[in-house]
Amino acid sequence: MMNPLNIRCKKCGKSFDRGEQMSLYNNQYYHNTCFVCNFCDQSLAGMGFYTKPDGSFQCQRCHVYHAPKCFVCNEAIPDGVKYNIYQGKHFHKSCFKCMKCNGMIPEGRSFLEHPEGFICLDCGKVTNQDHKGRVHGRDPTSPSNATSSNQPHPSGREHICAKCVRPIPPNTVYGIYENRQYHQECFTCNRCSKNLVNTVCRRLGSAIVCKDCS
C-alpha cells in the first residue's frame, strides 16, 4: 500500500518516505519493518497473524509453538477454543472422551480412570469386574493452591506466560498453577481480578477464579 497522506507509523511514530510500502491494520499504519511478530520479529506484511490481549502481534508459527498441546492428539489448542485440563494435561473437548463408547465426557462429569484412557460411568457399569479404575469427580475444578517461583526453565529458555503468551523475564517471580506459568500481573481471578499468586483458586471451564468467586 502506498503512502497517500503525511501519516505516521503506529509503532515507531516516524513518518513514511514518499512511495514507501506500508501495512494497514485496524485503521493504523505501520512500516513493514515495524509490523512484525512480537515474539520472533518476523515481518507480518502480507502474512496471516494473531493479536494478543495486550495488543501485541504473533505470527502463525509462534502461535502454534506457544499454544498448549492436546495430550491425546498432540495438536495445538488455538486461542478461543475451549478445552479440558486434567492433572495438568490439556485436552481438546473432542479428545476428552470415553475409550469404550467414544462419547465425549462433559466438563464436571464423573468418570473412571483407566491406564489406557478414561471410561464414562455408563460404560463403567458394564466394565469387567476385575477392572481397577478409580472414579474421578470434579478434579479439573477442585480448589488447589497456586504457588510462585523465580526458577528458570530447565532448557534455559524463558518461561512463557500461559495467559498473554509472552516471555517471562529471567529472575522474575511468576505464578504457577496446573504446571503452567503466569506473569504476576496476568495471574488474576477472571471474575474479580484479585491476584491469585500463592492463593487457593479453582478452575471453572477455561477460567481461573479465586476461592471467594468459586
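Reader: Let's start with contacts: of those between residues at least 6 apart in sequence, what share joins residues at least 24 apart?

Author: Happy to begin there. In this predicted model, 28% of the contacts between residues at least 6 apart link residues at least 24 apart in the chain.

Reader: How many helices and strands does the chain have?

Author: There are 2 helices and 17 strands.

Reader: And what of burial and surface?

Author: Of the 214 residues in the chain, 37% are buried. The exposed area is about 12900 Å², and carbon and sulfur atoms supply 48% of that.

Reader: Now a strand pair, please. In which sense do β7 and β8 pair?

Author: A general idea helps when you look at any such pair: side chains in a regular strand alternate between the two faces of the sheet. Here, β7 (residues 111-114) and β8 (residues 117-120) pair in the antiparallel sense, over 4 bridges. With 2 residues between them, β7 and β8 form a hairpin. To find your place in it, look for Leu112, which stands opposite Ile119 in β8.

Reader: What is the strand order in the open sheet of 3 strands?

Author: The order is β11-β14-β15, and the pairing is antiparallel. At the edges are β11 (147-149) and β15 (180-183), each of which pairs on one side only. Ignoring direction, neighbouring strands of this sheet are turned by 40° against each other on average.

Reader: Over how many bridges do β11 and β14 pair?

Author: β11 and β14 (residues 174-177) pair over 3 bridges, in the antiparallel sense. A good place to look is Ser149, which stands opposite Tyr174 in β14.

Key: Residues numbered from 1 in each chain as written. Predicted model: local features only at pLDDT ≥ 70, side-chain atom pairs only at ≥ 80, totals over all residues. Heavy atoms only, no water. Buried < 20%, exposed > 50% of the residue type's maximum accessible area, 1.4 Å probe, protein only. Contact = heavy atoms within 4.5 Å. Areas by Shrake-Rupley, 256 points an atom, 1.4 Å probe, with all protein chains shown as cover. Pairing = 2+ DSSP bridges. Axes fitted to C-alpha atoms, helices over the stretch in contact; angles between N-to-C directions.
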